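Me: I am new to this structure. Please show me how to read its features, one at a time.

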Amino acid sequence: MPTPMNTRAVGAAVCCLLPLAAGICLWAVEAGQTRWVLASKWGPAVLLALYTLRHGTTRPHRLLVAALLACACGDVTLEGAYAAPASTVPWFAIGLGCFLVAHGLFIGLFLQLPNRRRRWPLPAFALYAVPFFVLLLPSLGPLLLPVAVYILVIGIMVWRAACVLLPSGPAWSVITGALLFAGSDSLIAINRFLAPFEAARMLILLSYWAALILLTVGTLRALPPRNPISR
């Protein structure tokens, strides 16, 4: 069981190393240094997973760790799509699959947290997602079905995030994190399928990292810290 001192030390290390990894990645993206991007892009997700483990090892903690590590795998594989766009390896589809797994794990996690049934967030998200998918349709080609499934799953993830409760009310950190994640994914789709733009990767990374931080912090606030393993 982690002690408060250990937890504080890990928290301090994450606070130092996470912005360092993010800064290196942003510099590498701007400088076109693919190797450095690959070496640093997954860092924030892995650091947040380690931080989560120092807070507890219950089933929800482990689901959060698994979701963050799936995101780290997605970071590496999606970078393959940027680094080798002509590659015969379907890096983008593999990355999509990794993040699909991550969203599935987040859904499972949110179902483990204190929550209240709210039906309106899912149709509210559909008002955005359906027209957006229709806009993407002509450019999707063989990715039509995977992208459709992905949009459905992330919509469910946002819905379940909106149902999470803290003792003080809705878990706004979790809700905001889920919306930022959806926004980051939307930017990826716009940049790849609709209209590539210069600032895309910076905006995608910043919104994505902010989403992971908020999802982690919000989830840990909804969980009792330093619990023994729950089976």
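The turns below go through salt bridges, burial, a helix and a surface patch.

Me: What kind of model is this?

Reply: This is a predicted model.

Me: Let us start with charged pairs. How many salt bridges does a search of the whole structure find?

Reply: Begin with the general idea. Side chains of opposite charge can pair when their charged atoms come close. Here, the search of the whole structure gives 2 salt bridges.

Me: Which residue forms a salt bridge with Lys 41?

Reply: The partner is Glu 79. The closest N and O atoms of the two are 3.4 Å apart. Lys 41 sits in the loop between α2 (34-40) and α3 (43-53), while Glu 79 belongs to helix α4 (residues 59-83), so the pair ties together parts that are 38 residues apart in sequence.

Me: Are Lys 41 and Glu 79 buried or exposed?

Reply: Both are buried. To read this, compare the relative accessible area with a cut-off: buried means under 20%. Glu 79 has 2% relative accessibility, so Glu 79 counts as buried.

Me: What about the side chains of Arg 201 and Glu 79: where do they meet, and in what?

Reply: They meet in a salt bridge, at 2.4 Å from N to O. Arg 201 is in helix α9 (residues 200-221) and Glu 79 is in helix α4, so this pair ties together parts that are 122 residues apart in sequence. Shared partners join Lys 41, Glu 79 and Arg 201 into one network of salt bridges.

Me: Now burial and distance. What does Ala 22 touch, not counting residues up to four places away in sequence?

Reply: With those left out, Ala 22 touches Pro 44 and Trp 209. Ala 22 is in helix α1. Its relative accessibility is 10%, so Ala 22 counts as buried. Now take a pair of C-alpha atoms. Those of Ala 22 and Leu 205 are 8.5 Å apart, although 183 residues separate the two along the chain.

Me: How should I read Ala 13: which helix holds it?

Reply: Ala 13 lies in helix α1 (residues 4-31). Its relative accessible area is 35%, so Ala 13 is partly exposed. Its C-alpha atom is 29 Å from that of Pro 114, and these two residues are 101 apart along the chain.

Me: How do I check a helix such as α6, and what should its 20 residues span?

Reply: Count 1.5 Å a residue, then compare with the ends. For the 20 residues of α6 the expected span is 28 Å, and its end C-alpha atoms are 26 Å apart, which agrees. Next, look for bends. α6 has a kink of about 30 degrees at Val 134, shortly before the proline Pro 138. Then look past the end. Gly 141, just after α6, takes a positive phi of about 55 degrees.

Me: Which residues of α6 are buried?

Reply: They are Pro 121, Phe 125, Ala 129, Phe 132, Phe 133, Leu 136 and Leu 140. Their cover includes α7 and α8 (172-194).

Me: Last, the surface. Which residues form a nonpolar patch there?

Reply: The patch is made of Val 130, Val 134, Leu 137, Leu 144, Leu 145 and Val 149. Together they have about 480 Å² of accessible area. α6 (121-140) and α7 (144-163) are the elements that give two or more residues to this patch.

Me: Why does Val 149 count as partly exposed?

Reply: Check its relative accessibility again. The value for Val 149 is 35%, so Val 149 counts as partly exposed. Val 149 is found in helix α7.

Technical notes:
Residues are numbered from 1 along each chain as its sequence is written. This is a predicted model: local features need pLDDT of at least 70, side-chain atom pairs count only at pLDDT 80 or more; totals for chains, interfaces and linings use all residues. Side-chain values use heavy atoms; hydrogens and water are left out. Patches are made of residues with over 30% relative accessible area and no salt bridge: like charges are joined within 9 Å, nonpolar side chains (Val, Leu, Ile, Met, Phe, Trp, Tyr) within 5 Å. Accessible areas come from the Shrake-Rupley method with a 1.4 Å probe; for residues, only the protein chains shown count as cover. A salt bridge is a side-chain nitrogen of Lys or Arg within 4 Å of a carboxyl oxygen of Asp or Glu. Helices (H or I, at least four residues) and strands (E, at least two) are DSSP runs, numbered from the N terminus. Buried means under 20% relative accessible area, exposed over 50%, partly exposed in between (1.4 Å probe, protein chains only). The expected span of a helix is 1.5 Å times one less than its number of residues. The bend at a residue is the angle between axes fitted to the seven residues ending there and the seven starting there. Contact means heavy atoms within 4.5 Å.
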